[in-house]
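Let's take a walk through this fold, starting at one residue and working out to the sheet and its packing. Keep the viewer open as you read.

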Amino acid sequence: MNKNYDENNIFAKILRLEIPCHKILENDHALAFSDINPQSVIHVLVIPKKAYLNLYDFTENASISEIELLWKLVNDVIKLNKISEKGFRIISNSGDDGNQDVPHFHVHLLGGKNLGRMIN
């Protein structure tokens, strides 16, 4: 585990079932749930079940199975919400400059409407 990982972050608490979430889907290595402050019609967070700080930490240290099943779950959420044809956005913020709010690797999956330009 990354030495900078905070075991008391909200996603760690969700994974330990200390805080409830609106679960969408899950598999052996990842969990998808609704964002509590949605920025679009569809706003789902997908997180690995193990402690990874950010995308870099995840891709450097996760097993092939963990990586594969996290992205498989992202695809399953896309299918469930029927947004593959109209489009969607995947965001993963990292560190201070990336404005990462929760120090546990996660991806935001947004869709259900035109999301506009990525950066203005």
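**From one leucine to the whole sheet**

Start with Leu25: beyond its neighbours within four places in sequence, Leu25 is in contact with Leu31, Ala32, Leu73, Asp76, Val77 and Leu80. Bear in mind that this is a predicted model. Leu25 sits in strand E1, which covers residues 23-26. One of its partners, Asp76, is 51 residues away in sequence, yet the two C-alpha atoms are 8.0 Å apart in space. Is Leu25 buried, exposed or something in between? With a relative accessible area of 26%, Leu25 counts as partly exposed, because buried means under 20%.

Now zoom out to the sheet. Five strands make up an open sheet, ordered E1-E2-E3-E5-E4, with antiparallel pairing. E1 and E4 (88-91) are the edge strands, each pairing on one side only. From one strand to the next, the twist averages 20°. Helix H3 packs on this sheet and touches E1, E2, E3, E4 and E5, with its direction at about 160° to that of E3.

E5 deserves a slower look. On one side, five bridges join E3 to E5, and the two run antiparallel; here Leu45 has His108 as its bridge partner in E5. E4 also pairs with E5 in the antiparallel sense, over four bridges. Within E5, Leu110 stands opposite Arg89, and His108 stands opposite Ile91.

Why is E5 described as largely enclosed by the rest of the structure? Five of its five residues are buried, so the description follows directly. In a regular strand, side chains alternate between the two faces of the sheet. In E5, Val107, Leu109 and Gly111 point one way while His108 and Leu110 point the other, and all are buried.

That leaves the nonpolar packing. The largest nonpolar core has 17 residues, and those with the most contacts inside it are Ala32, Val44, Val46, Phe58, Leu70 and Phe105. At least two residues each come from E2 (30-34), E3 (42-48), H3 (64-81) and E5 (107-111). H3 gives the largest share, five residues. Apart from this core lies another one of seven residues, including Leu31, Leu45, Ile47 and Val102.

Val46 is a good place to finish. Setting aside neighbours within four places in sequence, Val46 is in contact with Ala30, Leu31, Ala32, Leu70, Leu73, Val74, Phe105, His106 and Val107. Leu31, Ala32 and Leu73 also appear among the contacts of Leu25, which brings us back to the starting point.

Terms used:
Residues are numbered from 1 along each chain as its sequence is written. This is a predicted model: local features need pLDDT of at least 70, side-chain atom pairs count only at pLDDT 80 or more; totals for chains, interfaces and linings use all residues. Side-chain values use heavy atoms; hydrogens and water are left out. Buried means under 20% relative accessible area, exposed over 50%, partly exposed in between (1.4 Å probe, protein chains only). Contact means heavy atoms within 4.5 Å. A nonpolar core is a set of buried Ala, Val, Leu, Ile, Met, Phe, Trp, Tyr and Cys residues joined through side-chain atoms within 4.5 Å. Two strands pair if DSSP finds at least two bridges between them. Axes are lines fitted to C-alpha atoms, for helices over the stretch in contact, and angles run from 0 to 180 degrees between N-to-C directions.
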